[in-house]
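Dear colleague,

I am handing over the structure we spoke about, with the sequence alongside. Please open both before reading on.

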Amino acid sequence: MDLVALGERVQAARLERGLTLQALAERSEVSVSMLSSVERGAKAPTIVVLDRIATGLGLPLAQLITQPARRILRRAAEQDTVHEPGGWQRTILTPVVPGVNFEWIRSTLPPARHPPPPSTELRTGSIPGEAGTYPPYATGSHEFIVVLDGTLTLTIDGEVVILGEGDSLYLAADVTLSYANHSDAPCTYYVAALVMRPRTPGLGRMKPAQ
């Protein structure tokens with residue numbers, strides 16, 4: 001086992017969760033000194049200690065001790081597509097890479113004047129042309145948006161920004177953000193996000209629970 005690589009995985013997982021060594025020590029019942037030695041690659045932990053560390057991090061033991069893949073191929077047929085009420089469609093293009101909170105998503109918003117299919121059951125606030133308002137990611141997160149075609153209206157902490165075909169935008173992602181298409185044609189855009197907090201991969205920004 002590569003102790004240095006193991007230590008880097010443990011430290012990365014701890015930092016992603018915003019845990020200090022002391023906090024992880026309390027959650028895992030492993031001493032701070034042992035955790036520090038493991039993260040520095042200075043000591044080989046027993047499988048019992050590793051299991052406790054994994055439990056404290058909320059990870060399967062196998063994920064903690066397995067070297068991450070250097071290449072992951074995801075065919076088009078394997079990509080996950082989410083169909084939201086109101087006609088909004090998101091396709092998650094990035095494979096899930098343990099310890100890497102990066103996502104690349106292709107989204108299509110129907111035009112505001114385009115009625116949803118008869119079978120679509122709308123929830124409150126789920127109307128054609130509007131994807132809703134989403135809470136901030138953690139401080140230190142980054143988001144990139146580029147419009148492939150159509151017109152995308154963003155509201156960033158109350159400020160409206162309109163992007164046209166080929167326009168791109170970077171923003172520090174610790175902001176409230178809403179997406180809308182107020183035109184009479186569909187809008188397709190890409191979002192790439194590097195998020196400084198653990199979350200379920202493949203979902204992008206999520207609305208608060210209703």
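Below is what was found, beginning with the sheet and ending with one of the helices.

Please keep in mind throughout that this is a predicted model. In it, 6 strands form an open sheet with antiparallel pairing, and their order across the sheet is 1-2-3-10-5-8. The edges are taken by strand 1 (80–83) and strand 8 (168–172), each of which has a single partner strand, so one side of each is left without a neighbour in the sheet. From one strand to the next, the twist averages 20 degrees.

At the strand 8 edge, the pairing is with strand 5 (residues 142–149), which runs antiparallel to strand 8 and is joined to it over 5 bridges. Within this pairing, Glu143 has Leu171 of strand 8 as its bridge partner.

Elsewhere in the sheet, Ser107 lies in strand 3 (residues 102–109). Ser107 counts as buried because its relative accessibility is 2%, where the cut-off for buried is under 20%. Leaving aside residues up to four places away in sequence, Ser107 is in contact with Trp88, Gln89 and Arg90, and also with Cys187, Thr188 and Tyr189.

Turning to the helices, helix 3 (residues 32–39) has Met34, Leu35, Ser37, Val38 and Glu39 as its buried residues, and the elements that cover them include helix 1 (3–16), helix 2 (21–28) and helix 4 (47–57). Just after helix 3 comes Gly41, whose phi is positive, at about 75 degrees.

With best regards

Conventions. Residues are numbered from 1 along each chain as its sequence is written. This is a predicted model: local features need pLDDT of at least 70, side-chain atom pairs count only at pLDDT 80 or more; totals for chains, interfaces and linings use all residues. Side-chain values use heavy atoms; hydrogens and water are left out. Helices (H or I, at least four residues) and strands (E, at least two) are DSSP runs, numbered from the N terminus. Buried means under 20% relative accessible area, exposed over 50%, partly exposed in between (1.4 Å probe, protein chains only). Contact means heavy atoms within 4.5 Å. Two strands pair if DSSP finds at least two bridges between them. Axes are lines fitted to C-alpha atoms, for helices over the stretch in contact, and angles run from 0 to 180 degrees between N-to-C directions.
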